[in-house]
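Let's take a walk through this chain together, one set of side chains at a time. Have the viewer open and follow along.

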Amino acid sequence: QVQLVESGGGLVQPGGSLRLSCAASGSIFSLYDMGWYRQAPGKERELVAAITSGGSTNYEDSVKGRFTISRDNAKNTVYLQMNTLKFEDTAVYYCNAERLFPDATRYKSWGQGTQVPVSS
């Protein structure tokens, strides 16, 4: 099992930047695919960015060119650098870890979430 703790959220003005961090513990971090999801009030949780154990990345269309996901396996941490923030980026951001085991079992773990209000 892996435990996830997010940090770095907080109030930010439109056009500003934040870097979210997600520290993992309890398992071999480098084997996990990691993702950042967000859930805005009244909306479903959506994938924002993901990075595989091999380092491949993908992004939700609305954040391409503004957000960057990265990982530091030596620090067991995944990051989300968010630039040029917009009002519509306001949400609770969740870190996610997934791993597909050889027996086809898929394991998922979630952090507790960190709030990112974008407001002037």
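A good place to start is R38 and D89, whose side chains meet in a salt bridge, with N and O 2.9 Å apart. R38 sits in strand β3 (residues 33-39) while D89 sits in the loop between β7 (77-82) and β8, so this pair ties together parts that are 51 residues apart in sequence. Keep in mind as you look that this is a predicted model. Side chains of opposite charge can pair when their charged atoms come close.

Are these two partners buried or exposed? R38 has a relative accessibility of 6%, so it counts as buried. D89 is buried as well, because its relative accessible area is just 1% and the cut-off for buried is under 20%.

Stay on D89 for a moment. D89 also forms a salt bridge with R66, where the closest N and O atoms are 2.8 Å apart. That pair again links distant parts of the chain: D89 is in the loop between β7 and β8, and R66 is in the loop between β5 (57-59) and β6 (67-72), 23 residues away. R66 has a relative accessible area of 9%, so R66 is buried too.

Now move over to E98 and R106, which form another salt bridge, their closest N and O atoms 3.0 Å apart. Here the two ends sit in different surroundings: E98 is buried at a relative accessible area of 13%, whereas R106 is partly exposed at 47%. Back on the R38 side, salt bridges that share partners join R38, E46, E60, R66 and D89 into one network. Searching the whole structure turns up seven salt bridges.

Next, the cysteines. How many disulfides does the model have? The count comes to one. Its partners are C22 and C95, with their sulfur atoms 2.1 Å apart. C22 belongs to strand β2 (residues 18-25) and C95 to strand β8 (residues 91-100), so the bond ties together parts that are 73 residues apart in sequence. Both C22 and C95 are buried. If you care about handedness, the torsion about the S-S bond is about -85°, so this disulfide is left-handed.

On to the rings. The structure holds two aromatic pairs. In one of them, the ring centres of Y32 and Y107 are 6.1 Å apart and the planes stand at 75°, so the pair is edge-to-face. Y32 is in the loop between β2 and β3, and Y107 is in strand β9 (residues 106-110), so the pair ties together parts that are 75 residues apart in sequence. Y32 counts as buried, at 2% relative accessibility.

The other pair is Y37 with W110: centres 4.8 Å apart and planes at 70°, so it is edge-to-face. Y37 lies in strand β3 and W110 in strand β9, so parts 73 residues apart in sequence are tied together. Y37 is buried at a relative accessible area of 17%, while W110, at 35% relative accessibility, counts as partly exposed.

Two arginines are worth a look for where they sit relative to rings. R45 lies over the face of Y94, 3.7 Å from the ring centre. The charged end of R71 sits over the ring of F29, 4.6 Å from its centre.

Two more residues round off the tour. F87 lies in the loop between β7 and β8 and is partly exposed, with a relative accessible area of 48%. What does F87 touch, leaving aside its neighbours within four places in sequence? The contacts are P14, V118, S119 and S120. For V118, the C-alpha atom is separated from that of F87 by 5.1 Å, although the two residues are 31 apart along the chain.

Finally, find T114 in strand β10 (residues 114-116). T114 is buried, with a relative accessible area of 10%. A polar atom of the T114 side chain lies 3.3 Å from the backbone nitrogen of G9. G9 also appears among the contacts of T114 beyond four places in sequence, together with E6, L20, A91, V92 and Y93.

Methods: Residues are numbered from 1 along each chain as its sequence is written. This is a predicted model: local features need pLDDT of at least 70, side-chain atom pairs count only at pLDDT 80 or more; totals for chains, interfaces and linings use all residues. Side-chain values use heavy atoms; hydrogens and water are left out. A disulfide is a pair of cysteine sulfur atoms within 2.5 Å. Helices (H or I, at least four residues) and strands (E, at least two) are DSSP runs, numbered from the N terminus. Buried means under 20% relative accessible area, exposed over 50%, partly exposed in between (1.4 Å probe, protein chains only). A salt bridge is a side-chain nitrogen of Lys or Arg within 4 Å of a carboxyl oxygen of Asp or Glu. Contact means heavy atoms within 4.5 Å. A polar contact is a pair of N or O atoms within 3.5 Å; within protein, one must be able to donate a hydrogen and the other to accept it, and residues adjacent in sequence count only if both atoms are side-chain atoms. Rings of Phe, Tyr and Trp (its six-membered ring) pair if their centres lie within 6.5 Å; planes under 30 degrees apart count as stacked, over 60 as edge-to-face and the rest as tilted. A charge sits over a ring if NZ of Lys or CZ of Arg is within 6 Å of the ring centre and within 35 degrees of the ring normal.
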